[in-house]
Amino acid sequence: MVMTSPTTATAVNSVLRVPPASPAAAAAYFGASLAFHTDVSDVASALAADGDPGFVVVDSRSTTSWDQGHVPGAVHLPTALIPEQAAALLDPAVPVVTYCWGPGCNGATRAALALAQLGYQVKEMLGGFEYWAREGFAFETWEGGEQRAVDPLTAPVDDADCGC
């Protein structure tokens, strides 16, 4: 067995080829990230609690996508319509959480940018509608309410708390 020094190991290790940031830089980065993002479990928990969650959820997808399924209580505001319709649908004093299809789609990011440019406080819901449904949260379609079983690859099946 050949032993390598830490310097040699980091030179060949793809993870450590670029060294980790300092703890202070990491804290600043991750703290900033949480100011811009939330996840479906946190949104679902806040919406399920008694009272006003303190934010409004915006689905930035097309009408066809909205009809296929959306977060209960969400406001339907396709990204392209934000400049002309946001003022009529949203209170500028209430933070907005945007979502689109899922992690492979940046529609929620584009919607968040458009809303921020109009002066709204905004966060993006990571995972989008895909993970809302995959984590077993109820959703609405044009035909009524629906709920799917929890996908064990995205959330714990028999526990409401994933531990993170």
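Contact here means heavy atoms within 4.5 Å. With that in hand, helix α3 of this predicted model is a good place to start. The helix runs over residues 40-48, and V40, V43 and A44 are buried in it. These three span an arc of only 100 degrees around the axis, so they end up on the same side of α3. That fits the usual geometry: an α-helix has 3.6 residues a turn, so residues three or four places apart point the same way. What do the buried residues of α3 pack against? Their partners are the strands β1 (37-39), β2 (56-59), β4 (96-99) and β5 (122-126), along with helix α7 (128-134). At the start of α3, D39 brings a side-chain oxygen to within 3.2 Å of the backbone nitrogen of S41.

Next come the aromatics, with four ring pairs in the count. One of them joins Y29 and F30: the ring centres are 5.0 Å apart and the planes sit at 80 degrees, over the 60 needed for edge-to-face, so that is the label the pair gets. Both residues are exposed, Y29 at 56% relative accessibility and F30 at 52%. W132 and F137 make a tilted pair, because their planes are at 45 degrees, with centres 5.1 Å apart. Here W132 is buried, at 4% relative accessible area, while F137 is partly exposed at 23%.

W101, F129 and F139 come together as one aromatic cluster. Charged side chains turn up over rings too: R61 lies over the face of W101, 4.4 Å from the ring centre, and the charged end of R134 sits over the ring of Y131, at 4.9 Å from its centre.

Notes. Residues numbered from 1 in each chain as written. Predicted model: local features only at pLDDT ≥ 70, side-chain atom pairs only at ≥ 80, totals over all residues. Heavy atoms only, no water. Buried < 20%, exposed > 50% of the residue type's maximum accessible area, 1.4 Å probe, protein only. Helix = DSSP H or I, 4+ residues; strand = E, 2+ residues; numbered from the N terminus. Arc of directions from axis to C-beta. Polar contact = N/O pair within 3.5 Å; in protein donor to acceptor, adjacent residues only side chain to side chain. Phe/Tyr/Trp six-rings, centres within 6.5 Å; stacked < 30°, edge-to-face > 60°. Lys NZ or Arg CZ within 6 Å of the ring centre and 35° of its normal.
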